Number of protein chains: 2
Amino acid sequence: MTLRVRDLGEFALIDRLLAVLPYAVRGSDSVFGAGDDCAWWQSAAGTTVVTSDALVEGVHFRLEWTDWRSLGHKMIAVNLSDLASMGCAPRVAIVTLALTGDELVADLEDLYRGAGALAEIYGVVIAGGDIVRTSGPIMFSVTAIGEQPAGQSPMQRSLAVPGDIVLVSGTLGASAAGLHLLQHPLPNATTAGLLIAAHTRPAPRVSLGQALIAAGVRCCMDLSDGLAGDLPKILKASAVGATIRTDSIPVLPAVRAMFRDTWLDLAVHGGEDYELLCTVANGMAEDVIMAAAAVGATLTPIGEITAASGLRFVDSNDQPVDVTPSAWDHFAGT
Amino acid sequence: MTLRVRDLGEFALIDRLLAVLPYAVRGSDSVFGAGDDCAWWQSAAGTTVVTSDALVEGVHFRLEWTDWRSLGHKMIAVNLSDLASMGCAPRVAIVTLALTGDELVADLEDLYRGAGALAEIYGVVIAGGDIVRTSGPIMFSVTAIGEQPAGQSPMQRSLAVPGDIVLVSGTLGASAAGLHLLQHPLPNATTAGLLIAAHTRPAPRVSLGQALIAAGVRCCMDLSDGLAGDLPKILKASAVGATIRTDSIPVLPAVRAMFRDTWLDLAVHGGEDYELLCTVANGMAEDVIMAAAAVGATLTPIGEITAASGLRFVDSNDQPVDVTPSAWDHFAGT
């Protein structure tokens, strides 16, 4: 009766809101895919892919922990990561800034310098967008658009098949470790800068996404909410399960060394790694790993897709490891 | 040295931010147009057009003056209006909601019902988008995407030519009059509902935009910041001037009657009319007016484009009328 957003959570809310839309407005899967990292539709010339992500002060970033240039990098990076997860080439980013008016113009110029530097690397044009006034926390909302040639379908969450190998790029947990170090600075931590940069300036896996789709990978997503939060989205969309070997999860030695008791938790729940998670038929895994290496990316096999539903984590002796499957929810526990 | 956003204003800020971007990132006019109501680019298959507009509580709307369903209508309408101004068919809208968590789910469902009802009329698919948490005012950011067939260039602000007739659709000032009535309710005002609806549920001129481009119109924009604020954007982009006859500006009889001393001010400075403003060669004006009538829209000639720069308002005796050219600026006077 007086159900509030905080009672429902982000993901259930999205489901409820889409449910009140007229059927035609929700679109059909044949021309339009929602529920992936991006919305997309196909026309004669190819596929247009769109994604939108916002950063809110105090929720996604704190100005005492980041500089404006890194923020500019990150607001573009998180959107390019979504496009990369579909395997498509980014073309345009539209920026909307909600500001109080009290911000220093020089800081916002730094924001745009950081955004522009990353956009230039991937040939993305930044369009003007919109600037609106807010009395509350400042917010940067970016919509990025990419394109794929005709005849190529975007990689999707719903295409995992039992027997597939689960692969993850790079390493997991570095971003969460960096966030922890920002919250609880350690003296004499020589590798802290590396981890903090993983959090403040994540690298979108743009080239890797395009290499994966070219190598025939059909199921992929990017890791923004942690492995234990995001992999269930693939499992649900594909109606399958998975077994993940925790010992196989790639984690930086520095993270294991600095977080001896919590590295696994950081790796599976930490979030904001912006690595790619994909599943491929057993017979293609080696070729896909080679294709990733050709663009400088490491892919690590961490488990298999199973016909039985559910996500199980096991150790090197196949014994269950207690990891709670949970996604980062903006309204959880509030 | 400590220049703040409020010192600079919205439009100067956008210019400064775009100026720090690398040249390649800013794009070139041949493949990409910024500075219009939308960003757009052309490929072999046609033109993709993108626009983004945000509504912030307390700035763009107050919950005591509007209902959630109207808000949902308006957040879609203002974006479809931008697409209409380029003459293109809307395809997809991506919604980002910044919420505190305290909102009633039923209210947000009403928001989506309002959005869905308008989207359905124009065949627009609403994609999930993103929901983020904010501690401040709630905000709805919508990005809308449209497409045009190959061989057709979007209508642009920069294509006005001296001698062109300036035409405006519908009537001006109704939205501002409606806002005034929300702020200062009048008893016994039988037409108040009509004016309030013009403010809370503006109609995007989607069919008109497509009719105009099909009729050969090349220069168009939508009126969100008032005639005196928006027309100078066409004049600047086209390096021309204009003379507007205030007696020709179409204003509803109810607005003239209820606002005897201020109707002209409402019509030229009020904003949020979301009517289309276009310029056409003298010889085509009649055909364009007929094409508009065929989709149920009224176009009214209100003046001419001049080679001499500047915007002049004149009365029926060609005497100057004192109207300050000014655009709505989110940071003005703060």
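Two residues are taken to be in contact if their C-beta atoms, placed from the backbone, lie within 7 Å. With that in hand, the results below walk through a predicted model, beginning with helix 6 of chain B.

Helix 6 of chain B spans residues 174-183, and 8 of its 10 residues are buried, so the helix is largely enclosed by the rest of the structure. The buried set runs through B:Ala174, B:Ser175, B:Ala176, B:Ala177, B:Gly178, B:Leu179, B:His180 and B:Leu181. What do these buried residues pack against? Their partners are helix 7 (192-200), helix 10 (253-258) and helix 11, again of chain B.

Next comes the sheet. In chain B, 6 strands build an open sheet with mixed pairing, and their order is 8-10-7-11-9-12. Strand 8 (219-222) and strand 12 (310-314) sit at the edges, each pairing on one side only. Going from one strand to the next, the twist averages 25°.

Strand 10 of chain B is a handy place to look inside this sheet. It is mostly covered, with 5 of its 5 residues buried. B:Leu276, B:Cys278 and B:Val280 point one way from the strand, B:Leu277 and B:Thr279 point the other way, and all are buried. On the pairing side of things, strand 7 of chain B runs antiparallel to strand 10 of chain B over 4 bridges, and B:Val168 stands opposite B:Leu277 there. Strand 8 of chain B also pairs with strand 10 of chain B in the antiparallel sense, over 4 bridges. Which residue of strand 10 is the bridge partner of B:Met221? It is B:Leu277, the residue that also faces B:Val168.

Further along the sheet, strand 9 (residues 241-245) and strand 11 (residues 299-306) of chain B make another antiparallel pair, joined over 4 bridges. Within that pair, B:Ile244 has B:Gly303 of strand 11 as its bridge partner. Helix 8 (residues 206-214) of chain B packs on the sheet, where it touches strand 7 (165-169), strand 8 and strand 10 (276-280) of chain B. The direction of helix 8 makes about 10° with that of strand 10 of chain B. Helix 9 (residues 227-238) of chain B, for its part, lies across strand 8, strand 9, strand 10 and strand 12 of chain B, and runs at about 150° to strand 8 of chain B.

Over in chain A, a helix pair is worth a look. Two packed helices are described by the angle between their axes and the distance between the axes. For helix 8 (residues 206-214) and helix 12 (residues 285-294) of chain A, the angle is about 145° and the axes are 9 Å apart. Their crossing is right-handed. Helix 8 of chain A brings A:Leu208, A:Ala211, A:Leu212 and A:Ala214 to the contact, while helix 12 of chain A brings A:Val288, A:Ala291, A:Ala292 and A:Ala294. By class, this comes to 8 nonpolar residues, with no polar and no charged ones.

Two loop residues have unusual backbone angles to report. Most residues other than glycine have a negative phi. A:Ala239 has a positive phi of about 55° although it is not a glycine, and it lies in the loop between helix 9 (227-238) and strand 9 (241-245) of chain A. B:Tyr274, likewise not a glycine, has a positive phi near 55° and is found in the loop between helix 11 (263-269) and strand 10 of chain B. Are these two residues buried or exposed? A:Ala239 is exposed, because just 11 other C-beta atoms lie within 10 Å and the cut-off for exposed is 12 or fewer. B:Tyr274 counts as buried, because it has 24 C-beta neighbours inside 10 Å and 20 or more are needed.

That leaves the way the chains meet. Contacts link 73 residues of chain B with 73 residues of chain A. On the chain B side, the touching residues divide into 42 nonpolar, 18 polar and 13 charged. A turn of 180° with a shift of 0.0 Å along the axis lays chain B on chain A with an RMSD of 0.0 Å, which means that the two are related by a two-fold axis. The same surface serves both copies, as 100% of the contact residues of chain B recur in chain A. Which residue of chain B comes closest to the rotation axis? That is B:Gly136, with its C-alpha at 2.0 Å.

Note on methods:
Residues are numbered from 1 along each chain as its sequence is written. Chains are lettered from A and ligands numbered from 1 in the order in which they are written. This is a predicted model: local features need pLDDT of at least 70, side-chain atom pairs count only at pLDDT 80 or more; totals for chains, interfaces and linings use all residues. Axes are lines fitted to C-alpha atoms, for helices over the stretch in contact, and angles run from 0 to 180 degrees between N-to-C directions. A crossing is left-handed if the near helix is turned anticlockwise from the far one by less than a right angle, and right-handed if clockwise. Ala, Val, Leu, Ile, Met, Phe, Trp, Tyr, Cys and Pro count as nonpolar, Asp, Glu, Lys and Arg as charged, and the others, Gly among them, as polar. Copies are superposed by least squares on the C-alpha atoms of residues with pLDDT of at least 70 in both. Two strands pair if DSSP finds at least two bridges between them.
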